[in-house]
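Colleague: I'd like to go through this model with you and hear the reasoning behind the labels. Could you pull it up first?

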Amino acid sequence: MKSGTWQKSFSLLILLFLFVLPGFMHSPRYLSLFDEGFLNIVLALSMYSMWTLGYVNAATPTFFGLGAYTVAILMMKANLPFWLAFPMAGVIPALIAFILGFQGLKVRGTYFLILTLAFCEFMGWLFTSWKSLFGGQTGLYPVPQPVIHAFGHTINFAASLVPYYYLALILALITGLFYFRLYTSRLGRVWDSIGKTEDILANTGISVFTQKQICFAVSCFFAGLAGAVYAPFMSIVTPNQFNFWQGVTIILGVLVGGTYSPLGAIIGTVFMAVLSMLLQGYSQYQPLIWGPILILTLLFMPSGLIALPMQIINKIKELTTRKIVQS
Amino acid sequence: MVLLETQKLTKTFIGLKAVTNLDLSVNKGQLLGLIGPNGAGKTTTFNLISGALPVTSGKIIFKGKDITGFKPYMVARIGIVRTFQLASVFPDLSVMDNMRVALHYKSGVGFLQTIFETLAMERKEDGKVRGKAMKLLNIAGLSNLADVKAGNLPGGTQKLMSVIIALAGDPELLLLDEPMSGLNAEEIQTLIRLVKAIRDERGTGIIMVEHNMKVVMEHCEYIVVINFGEKIAEGTPSQIANDKRVIEAYLGSE
């Protein structure tokens with residue numbers, strides 16, 4: 001399929017570019033922007049996979065936060081090295097998601113949204129109130145910097161942001177590959193069929209509930225891992241880093257990019273990241289701008305940015321054939 | 001051989017007796033018609049048998065095993081598959097993909113296997129699945145439509161599709177919920193021929209809820225009539241046609 005190879009070569013080129021970028025981009029501000037961008041991509045993919053099931057996980061930032069707190073707590077209080085704390089930061093949110101899912105996934109999407117919203121608020125309160133574990137309002141600081149020994153060198157995360165850039169990029173790459181593989185596989189086809197036709201699916205013998213459980217746990221696993229990179233990157237973990245509003249931005253990214261494929265979620269997130277970078281001076285106006293963007297997207301671009309190139313090409317074809325017919 | 005029987009099956013919603021003390025049974029290789037006026041409780045009965053609704057009281061026995069309270073996917077796994085009134089297809093997928101999804105459970109693929117499976121392994125598995133899918137599609141003569149998006153198929157063809165999807169699970173009992181609704185005469189003939197072929201070649205028991213009296217009287221071997229959630233008559237088509245209570249309940253049947 002021609003457009004498929006196009007997409008693949010283009011993505012490979014961009015990937016290559018991203019890998020060599022720190023070679024000539026040294027500004028910590030931009031390195032940190034890219035780092036956050038990569039982590040947001042992981043969160044967007046996490047949100048996307050629940051979206052295709054018909055569920056909006058309003059607590060995605062909370063699972064992100066759980067990953068961050070897990071890494072900080074394990075490194076600061078249990079003195080675990082980063083490479084041990086990192087996987088735990090994925091496993092613990094996944095387990096919590098699994099437990100939450102027992103009730104949350106038995107109800108329809110609207111109630112799941114409310115449940116995750118309530119969970120988000122509850123955890124926000126817990127992060128603030130349970131001072132001995134989470135450090136309260138001021139949070140946990142300083143989060144120890146990872147020290148990784150590889151290929152005979154010691155990668156010092158404390159010295160510059162470049163290791164964090166690559167760590168986040170690799171995480172985003174692994175998450176992206178995972179979901180691309182999943183959604184082109186036969187299990188992905190089954191998961192895509194859950195949304196509106198889950199009764200028919202149940203009639204083929206598939207336990208839809210189990211599939212939803214797995215999807216939810218996996219999506220929160222990745223969200224947690226993103227948090228594990230975020231904690232030492234920021235050096236501090238506080239409750240107000242993880243709130244509902246963050247979730248809205250993630251959802252917007254998925255919507256604007258296109259909800260038909262993981263690539264859409266990525267493109268939309270990048271778009272939103274670029275937009276918020278351009279609007280940096282006006283961050284208090286963000287809600288004022290996000291709203292119209294959402295409305296405009298739903299009205300004029302319901303298939304998202306990812307469908308735009310094809311739509312433009314089709315429009316051009318339409319117009320040129322009309323001209324030929326007329327002349 | 002009795003495939004399924006319900007014993008005093010009852011379902012009450014608050015204040016509403018949807019199904020009351022229903023005794024129903026269907027044999028292997030039997031085409032049973034379940035008829036009654038609108039709101040009689042026919043679809044509710046199906047929902048109870050398939051596990052979509054919890055039973056208030058009574059039992060559902062399948063091949064001697066009590067399956068009351070089984071969830072829908074469990075009911076499907078033990079051999080009872082139902083179709084829905086509105087077409088039971090996956091509209092956004094191609095016909096072949098519909099079959100792939102329908103056959104997924106039978107292929108026994110788990111989550112971990114999917115992630116770590118190589119493309120070559122998946123293609124090999126897919127070859128087997130395609131083979132099974134084609135065999136099933138051939139039963140209904142749909143194999144030439146393999147690449148068509150299911151949602152774009154005409155209504156009658158979608159109904160055929162939904163029966164084939166149900167067949168993918170190799171059921172011993174099929175529950176067809178108003179399969180003839182919305183079909184023209186020709187489509188009705190095609191569908192009933194398919195249903196009877198399934199019964200004859202596989203020995204599948206079939207319970208068919210239908211409003212189309214002509215189809216029921218012509219093709220069903222045995223009929224159960226319910227009204228207001230209760231069985232008011234049962235028998236062969238000729239017995240039912242002459243039953244006063246049935247005629248009373250059904251003023252203006254086709």
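Colleague: Which elements of chain B do the buried residues of α7(B) pack against?

Modeller: They pack against β6, α3, α6 (119–140), β7 (173–177) and α8 (185–202) of chain B. Keep in mind that this is a predicted model.

Colleague: What makes you call α7(B) largely enclosed?

Modeller: A residue is buried if 20 or more other C-beta atoms lie within 10 Å of its own. In α7(B), 11 of the 13 residues are buried, so the helix is largely enclosed by the rest of the structure. Among the buried ones are B:T157, B:Q158 and B:K159, as well as B:L160, B:I164 and B:L167.

Colleague: How do you know that the span of helix α7 of chain B agrees with its number of residues?

Modeller: The helix covers residues 155–167 of chain B, and its 13 residues should span 18 Å at 1.5 Å a residue. The expected span uses one less than the number of residues. The end C-alpha atoms are 19 Å apart, which agrees.

Colleague: And α12(A), how does its span compare with what it should be?

Modeller: Its 17 residues should span 24 Å, and the end C-alpha atoms are 25 Å apart, so that agrees as well. The buried residues of α12(A) include A:P262, A:L263, A:I266, A:I267 and A:M272. They pack against α2 (28–51), α7 (162–184) and α11 (244–257) of chain A.

Colleague: Why does A:V270 count as partly exposed?

Modeller: A:V270 lies in helix α12 of chain A. The label partly exposed goes to residues between the two cut-offs, 12 or fewer for exposed and 20 or more for buried. A:V270 has 18 C-beta neighbours inside 10 Å, so it counts as partly exposed. As for its surroundings, A:G37 is 233 residues apart from A:V270 in sequence, yet the C-alpha atoms are 6.9 Å apart in space.

Colleague: What radius of gyration does chain A have, and how does that fit a compact globule?

Modeller: With 327 residues, a compact globule would have a value near 20 Å; chain A has 21 Å, so the two agree. The C-alpha trace spans about 75 × 55 × 45 Å along its principal axes, and 42% of the residues of chain A count as buried. Its secondary structure comes to 14 helices and two strands. Of the contacts in chain A with a separation of 6 or more, 77% are between residues 24 or more positions apart.

Colleague: What makes β1 and β2 of chain A a pair?

Modeller: Two strands pair if DSSP finds at least two bridges between them. Four bridges join β1 (residues 147–150) to β2 (residues 153–156) of chain A, so they pass that cut-off, and they run antiparallel. One of the bridges links A:A150 with A:H153. The hairpin has two residues between the strands, and A:F151 takes a positive phi near 50° there.

Colleague: Which backbone values in the loops stand out to you, and why?

Modeller: Most residues other than glycine have a negative phi, and most peptide bonds are trans. In chain A, a cis peptide bond joins A:Y141 and A:P142, with omega about -10°. A:P142 sits in the loop between α6 (131–134) and β1 of chain A. In chain B, B:E178 has a positive phi of about 45°, and its place is the loop between β7 and α8. B:F228 has a positive phi too, near 50°, in the loop between β9 (222–227) and β10 (230–235) of chain B.

Colleague: Are those two chain B residues buried or exposed?

Modeller: In between. B:E178 has 19 C-beta neighbours inside 10 Å, so it counts as partly exposed. B:F228 has 15, so it counts as partly exposed.

Colleague: Why are β6 and β10 of chain B called edge strands?

Modeller: The open sheet has six strands in the order β6-β7-β8-β3-β9-β10, with mixed pairing. Both β6 and β10 of chain B pair on one side only, and that is what the edge label rests on. Neighbouring strands of the sheet are turned by 20° against each other on average, direction ignored. Strand β6(B) is joined to β7(B) by three bridges, and the two run parallel; B:R82 has B:L175 as its bridge partner.

Colleague: How many residues does each chain give to the contact?

Modeller: Chain B gives 24 residues and chain A gives 19 residues. By class, the chain B side has 15 nonpolar, four polar and five charged residues.

Technical notes
Residues numbered from 1 in each chain as written. Chains lettered and ligands numbered in written order. Predicted model: local features only at pLDDT ≥ 70, side-chain atom pairs only at ≥ 80, totals over all residues. Contact = placed C-beta atoms within 7 Å. Nonpolar A, V, L, I, M, F, W, Y, C, P; charged D, E, K, R; others polar. Rg over C-alpha atoms; globule rule 2.2 N^0.38 Å. Axes fitted to C-alpha atoms, helices over the stretch in contact; angles between N-to-C directions.
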